[in-house]
Amino acid sequence: MLVLAFLMMGLDLTTSGSAQAQSAQARPLKMVVLGDSLSAGLGLSASAAFPDRLQKALKSKGIPVEITNAGVSGDTASGGRDRIDWSVPEGTQAVIVELGANDALRGIDPAVTRAALSEILTRLRARHIAVLLCGMLAPPNYGSEYSARFNAIYPDLAKTFGVPLYPFFLEGVAADAKLNQADGLHPTAAGVDVIVKNILPTVEEFLGTISAQRS
């Protein structure tokens with residue numbers, strides 16, 4: 001009877017450990033999109049904004065995730081850095097960083113943008129939060145030298161910090177009048193869906209890496 005009791009206790013512990021592991025995997029991963037108006041959804045309903053549409057796309061693939069929209073219209077990389085502590089709360093496991101478009105539009109010195117994004121990545125790494133960095137491309141009106149300096153920021157930082165990079169957040173949408181609002185800068189709901197479709201494989205791989213580390 002004593003041997004049977006020990007065997008049953010061992011079975012209970014194994015079952016309990018397995019259940020806890022399954023529960024951990026089933027809990028939605030908490031992710032924040034730290035961005036500007038492009039991810040905030042300027043001119044769109046909350047349900048049409050990038051974070052909400054991405055969450056729905058992931059859930060349709062059986063990937064449980066809770067995405068917080070921390071996009072602020074008009075924000076620069078420096079603005080995102082300055083609010084990172086309250087925009088990325090405790091318990092966040094992953095962050096998509098989508099910042100820099102306003103820096104490029106305003107012609108901000110790329111060194112300033114680089115420093116701000118570098119500090120964001122440094123602070124998130126110190127908190128053991130996984131990061132997917134979204135790149136941005138400078139418009140041509142500031143000249144080729146500016147564009148080269150600005151465009152190099154994202155691949156350089158991704159390599160330095162060892163984080164995945166989605167090269168251009170507006171891939172497939174930029175300069176397409178049918179997918180942008182009247183200002184020619186902000187995607188329509190259909191444009192957001194294109195962004196989500198294009199970035200989804202990268203996000204899936206990103207989250208898969210995190211899930212593997214959790215299990």
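Select valine 33 to begin: this residue stands opposite asparagine 69 in β2. The model on display is a predicted one. Valine 33 and asparagine 69 offer a convenient entry to the sheet, which is the next stop.

**The sheet**

Select strand β1, residues 29-35, together with β2; the two run parallel and are joined by seven bridges. Extend the selection to the whole sheet, which is open and consists of five strands in the order β2-β1-β3-β4-β5, with parallel pairing. The edges are occupied by β2 (65-71) and β5; each has a single partner strand, so one side of each is left without a neighbour in the sheet.

**Helices on the sheet**

Add helix α3, residues 50-60, which packs on the sheet and touches β1, β2 and β3 (94-98). The direction of α3 makes about 165° with that of β2. Then display α7, which lies across β1, β3 and β4 and runs at about 180° to β3.

**The nonpolar core**

Which residues touch the most other members of the largest nonpolar core? They are Met31 and Leu54, in a core of 58 residues. Helix α10 supplies the largest share of this core, nine residues. Select leucine 54 and show its surroundings: apart from neighbours within four places in sequence, leucine 54 is in contact with Met31, Ile67, Ile96, Val196, Leu200 and Val203.

**From α7 to α8 and α9**

Return to α7 and add α8. Their axes come within 9 Å and cross at roughly 10°, which makes α7 roughly parallel to α8, as an angle under 35 degrees counts as such. To see where the helices meet, select Pro110, Ala111, Thr113 and Arg114 in α7, and Tyr146, Arg149 and Phe150 in α8. By class, the residues of this contact are four nonpolar, one polar and two charged.

Next, keep α8 (residues 144-151) and add α9 (residues 153-161); this pair packs at an angle of about 20°, with axes 5 Å apart. Helices α8 and α9 are therefore also described as roughly parallel to each other. On the α8 side the contact is made by Arg149, Phe150 and Asn151, and on the α9 side by Ile153, Tyr154 and Pro155. This contact of α8 with α9 has four nonpolar residues, one polar and one charged.

**A buried serine**

Move to serine 37, in helix α2 (residues 37-40). Is serine 37 buried or exposed? Serine 37 is buried, because its relative accessible area of 7% falls under the 20% cut-off. Leaving out residues up to four places away in sequence, serine 37 touches Leu42, Val72, Ser73, Gly74 and His186.

**Two residues with positive phi**

The last stops concern the backbone. Most residues other than glycine have a negative phi. Select histidine 128, whose phi is positive, near 60°. This histidine 128 is found in the loop between α7 (110-126) and β4 (130-134). With a relative accessible area of 73%, histidine 128 is exposed.

Finish at alanine 175, where phi is again positive, with a value near 70°. Alanine 175 lies in the loop between β5 (165-166) and α10 (189-214). Its relative accessibility of 82% is over 50%, so alanine 175 counts as exposed.

How values were computed
Residues numbered from 1 in each chain as written. Predicted model: local features only at pLDDT ≥ 70, side-chain atom pairs only at ≥ 80, totals over all residues. Heavy atoms only, no water. Helix = DSSP H or I, 4+ residues; strand = E, 2+ residues; numbered from the N terminus. Buried < 20%, exposed > 50% of the residue type's maximum accessible area, 1.4 Å probe, protein only. Contact = heavy atoms within 4.5 Å. Axes fitted to C-alpha atoms, helices over the stretch in contact; angles between N-to-C directions. Parallel < 35°, antiparallel > 145°, perpendicular 65-115°, else oblique. Nonpolar A, V, L, I, M, F, W, Y, C, P; charged D, E, K, R; others polar. Core = buried A, V, L, I, M, F, W, Y, C linked by side-chain atoms within 4.5 Å. Pairing = 2+ DSSP bridges.
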